Amino acid sequence: MTLGGHLVVAHGAGFRLDLDVELRAGETVAVLGPNGAGKSTLAGVLSGLTALDDGVLRHDDVVLDDPAAGRFVPPHERRIGVMFQDHRLFDHLDVADNVAFGPRAAGVDRRTAAATAERLLDMVGLGGFSARRPAELSGGQAQRVALARALAAAPRALVLDEPLAALDVATRGVMRSVLADGLAEVPGPRVVITHDPVDAFVLADRVLVLEGGRLVQDATPTELRTAPRSTYAAEVAGTNLLTGHLDGSRFEPVGADLALVVAHGGGAGPATVTIPPAAVSLFRAEPEGSPRNTWRTSVARVEETGARRRVTLDAPLPISVDVTPASVDELALGPGVEVWASLKATEISVTPTGDAG
Amino acid sequence: MSLRRPVRAVAPMVSVAVAGLLVGCGGGDDELLVFAAASVGDVAVELAERYEAEHPGVEVVVTVAGSATLREQVRAGAPASVFWSANADVVDDLADGGFVDGEATPVAANGLVVAVPAGNPAGVSDLGDLARADLTIGWCAAGVPCGDLARLVAAAAELDVAADTETSNVRALLTQLRADELDAALVYRTDVVAAGDDVVVVDPLEGSPTTAVTIAALDGGPDDLTGHRDAFIALVAGSDGRAVLDAAGFGAP
Amino acid sequence: MTRPPTTVPRWVVALAALGAVFFAVPILGLLIDAPWRDLVSILTGSAVLEALGLSLVTSVAAAVVAAVIGVPLGVVLARVEFPGRRLVRALVTLPMVLPPVVGGVALLLAFGRRGVVGSILESVTGWTVPFTTVAVVLAAAFVATPFLVLTVEGAVRNLDGRHEAAAATLGADPGTVFRRVTLPMILPSLRAGLVLAWARALGEFGATVTFAGNLPGRTRTLPLAVFVELDTDRATAITMSLLLMAVSLVVLVSMREHWWGRR
């Protein structure tokens, strides 16, 4: 079971999406790229909301879109589910009927559809919300309903289009583990469109990096981190991913002799945190002021990544830090140099991994 | 602003508005307002032009509508000087209300005929056919002169008219006859004369009841025009008026 | 929730008051002139009840016709690009600006015995439209449907298609999307348009009297009865005018309460 092909879409004169993709069943692929890279166009092409201008899109042996042959399978016949960034819930239906929409449209009887809706609402943690109206939900709740709705239609493939972009940082972590549960429900290919590397690292088996409508890298998250192939990839790949144990606002990374204070924690159990490389500041002397996380360490190495320099720190917390070349000179950074690192608690993203693993 | 054309009004509100407008912008001192029934409209306009030619400085403004419509406008305070009705009953109503100055004058007789579209597509032969339910028949509504007269005619002939529409204005019947939407209608003889070749008479209804076309002076017009008012009525009731009425097909009073 | 105080200039308030008076005075005139003592006996007269019944039946039927042809027209005008779309829109909305009498004449020329459609209809079925209750409904639908078309077109134009696209990805075919997403989303406008169209149909006069004639029990609706009675029985005419007004007012106000009241 694969979904993909050679995909070409030309939007006017300025933009052109042109890439080959192959999405396999049971695999979660993150499509990562800056704004305007063509990520959402790709989501549209897969689901049938955007037609190809050239190339061909296949689902196994079935041609879904082939402009040269004049073939185009409309969205409702493709059954490729999409969870939209703006959730697009139907305001005139309650939560249960929103989720039951897909089964009902497929001709499933009312009672069976309602049972499916109830099970999926339980799964996304919204049992008891059936009778609510979308207008009465928070952004995170609406996204959960949108996920349940997409799953209820029993999609052959599932696309999450910027599923967390509209949410605040505090809800993202929890929502990520809900998404992981949801993705596991789909036996076919799964796609997570995102500009946030954290989503890619936490949810995906494989990452496609898109820039300017082109595929610049197709790699596992680990490969991307160790060998980024573009400035953008390098920037996002520098994101530090730590697994460990969360207890309230205290996070203890595995194998590190240091505890971090996180702002968006809560609860206790296994968790993953991510730290953007630009969120860490380096000093020669112990910094004064507010940052809660301050520790003494030394520089392992310094690399050039485009316009910035990537500094990798040694124990107790081996993470990457992005600094300007001027800072490297000013602080005389080099292997073995002793520095103070400081990190704001609010810059740390937390994803509980208790159930999803 | 000179409005010598007749003001034909379908809806009463419209003609009230027009009448008010005329009085308003003319200052009211040299415009003689004549209310004329639809059936005498053409005759009234012709005589008004003749009167104006003989009396420079006076404009005779003719408002044409159904007699009953005009009666209601007079009752509502329209400043008309002359009321020219299709029958005597409507004038009597106004006299009872104190709107009429002096005695009303019958100036002509008018009768109904059975009229059909040119070519008589439905093959109507006489008044008796108006009882046929398979024909599309029109007549005037009860309460307006042509409607009251039509009911008199039908009663005299002991006939149940199978009407499909009732209009409050006899001209509407002629329009529908011309469009061939009606198979037959009871209309004034004079209307058929005015309609030309599009409408033909199949039963002239000789000996049936007729109506007395009546003219009356009204109290409601400007006082300084009473001379012209009475002179205009004299013109209509005199030999000049008689000649014009004859030409239009009206009978002697 | 408290709102910040909004200031409306005094002259705007003054003109608004003048406007309110302009609408109130004619109604006051009707109320003052109404034959209150005989009101009940006039209202329960068979002619009045007959006209009222006919008006209600034909106006509702006209609203149904408007819904059946007006909603698709509005949707197609808003969504489908085709050559001559502007012409079609102009045609469909023409009855709003055309004098209703002209509309009646046009209907005669189309559905009359000699009309383009009417002559064929008569030769095939032997049936003619003018002077029937069906003609009343057609005349009312002719003048009322444009109100619904414009409301629906505007509402559909305001939909950005995102929800319909979402429904399609959930497996809903275009028919299902239209029934379960598009229509419910424009429902408030649809209701408003239907009420407008119904109200216009209830008050229809000119096209009806021209195309359908004027016969008690068959084609004489309340407005036509008012027109006839104005020449013969003023008290009845005023009573029926009040009745017409009361029916419209009750429906419009109750609909407003139901559908727009919670603003």
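# A tour of three chains and their interfaces

Across the interface of chain C and chain B the rule finds nine residue pairs in polar contact, both residues of each pair being at pLDDT 80 or more; a polar contact here is a pair of N or O atoms within 3.5 Å, where, within protein, one atom must be able to donate a hydrogen and the other to accept it, and where residues adjacent in sequence count only if both atoms are side-chain atoms. The model is a predicted one, in which local features need pLDDT of at least 70, side-chain atom pairs count only at pLDDT 80 or more, and totals for chains, interfaces and linings use all residues. Residues are numbered from 1 along each chain as its sequence is written, chains are lettered from A and ligands numbered from 1 in the order in which they are written, and side-chain values use heavy atoms, with hydrogens and water left out.

**Stop 1: chain C.** Select chain C alone, and you will find 13 helices and zero strands, where helices (H or I, at least four residues) and strands (E, at least two) are DSSP runs numbered from the N terminus. Its C-alpha atoms fill a box of roughly 65 × 65 × 30 Å, taken along the principal axes.

**Stop 2: chain C against chain B.** Now add chain B, and look at where 20 residues of chain C are in contact with 24 residues of chain B, contact meaning heavy atoms within 4.5 Å. Of the two pairs of chains in contact, this one, chains B and C, shares the most contacts. Together chain C and chain B bury about 1900 Å², 47% of it on carbon and sulfur atoms; buried area is the accessible area (1.4 Å probe) that two parts lose on being put together, summed over both. Select C:Arg113, C:Phe131 and C:Asp231, which supply 37% of the area that chain C buries against chain B, more than any other three residues.

The count between chain C and chain B is six salt bridges, each being a side-chain nitrogen of Lys or Arg within 4 Å of a carboxyl oxygen of Asp or Glu. To see a salt bridge between these chains, select C:Arg114 and B:Asp180, whose closest N and O atoms are 2.7 Å apart. Then colour helix H11 (206-211) and helix H12 (222-232) of chain C, each of which supplies at least two residues of the side that touches chain B, with H12(C) giving the most, five residues.

**Stop 3: chain A against chain C.** Hide chain B and show chain A, of which 21 residues are in contact with 17 residues of chain C. The area buried between chain A and chain C is about 1700 Å², and carbon and sulfur atoms give 68% of it. Selecting A:His76, A:His92 and A:Phe101 picks out the residues that supply 35% of the area that chain A buries against chain C, more than any other three.

Between chain A and chain C the count is one salt bridge, which C:Arg162 forms with A:Asp86, the closest N and O atoms being 2.2 Å apart. On chain A, the elements that give two or more residues to the side that touches chain C are helix H2 (75-78), strand S7 (80-83), helix H3 (95-105) and helix H5 (139-152), and the largest share, four residues, comes from H3(A).

**Stop 4: chains A and B.** With chain A and chain B shown together, no contact joins them, and their closest C-alpha atoms lie 47 Å apart.

**Stop 5: a cavity.** Finally, select B:Gly66, B:Ser67, B:Pro145, B:Cys146 and B:Val170, which lie nearest the centre of the largest cavity among the 13 residues that line it. On a 1 Å grid over the protein atoms alone, a cavity is a set of points where a 1.4 Å probe fits but cannot get out, and lining residues have an atom within 4 Å of a point. About 90 Å³ of space lies in the largest cavity, a volume being the space filled by probe spheres set on the points, which are joined across faces, edges and corners.

Key: On a 1 Å grid over the protein atoms alone, a cavity is a set of points where a 1.4 Å probe fits but cannot get out, and a pocket is an open set with protein on both sides within 12 Å along at least five of seven lines; lining residues have an atom within 4 Å of a point.
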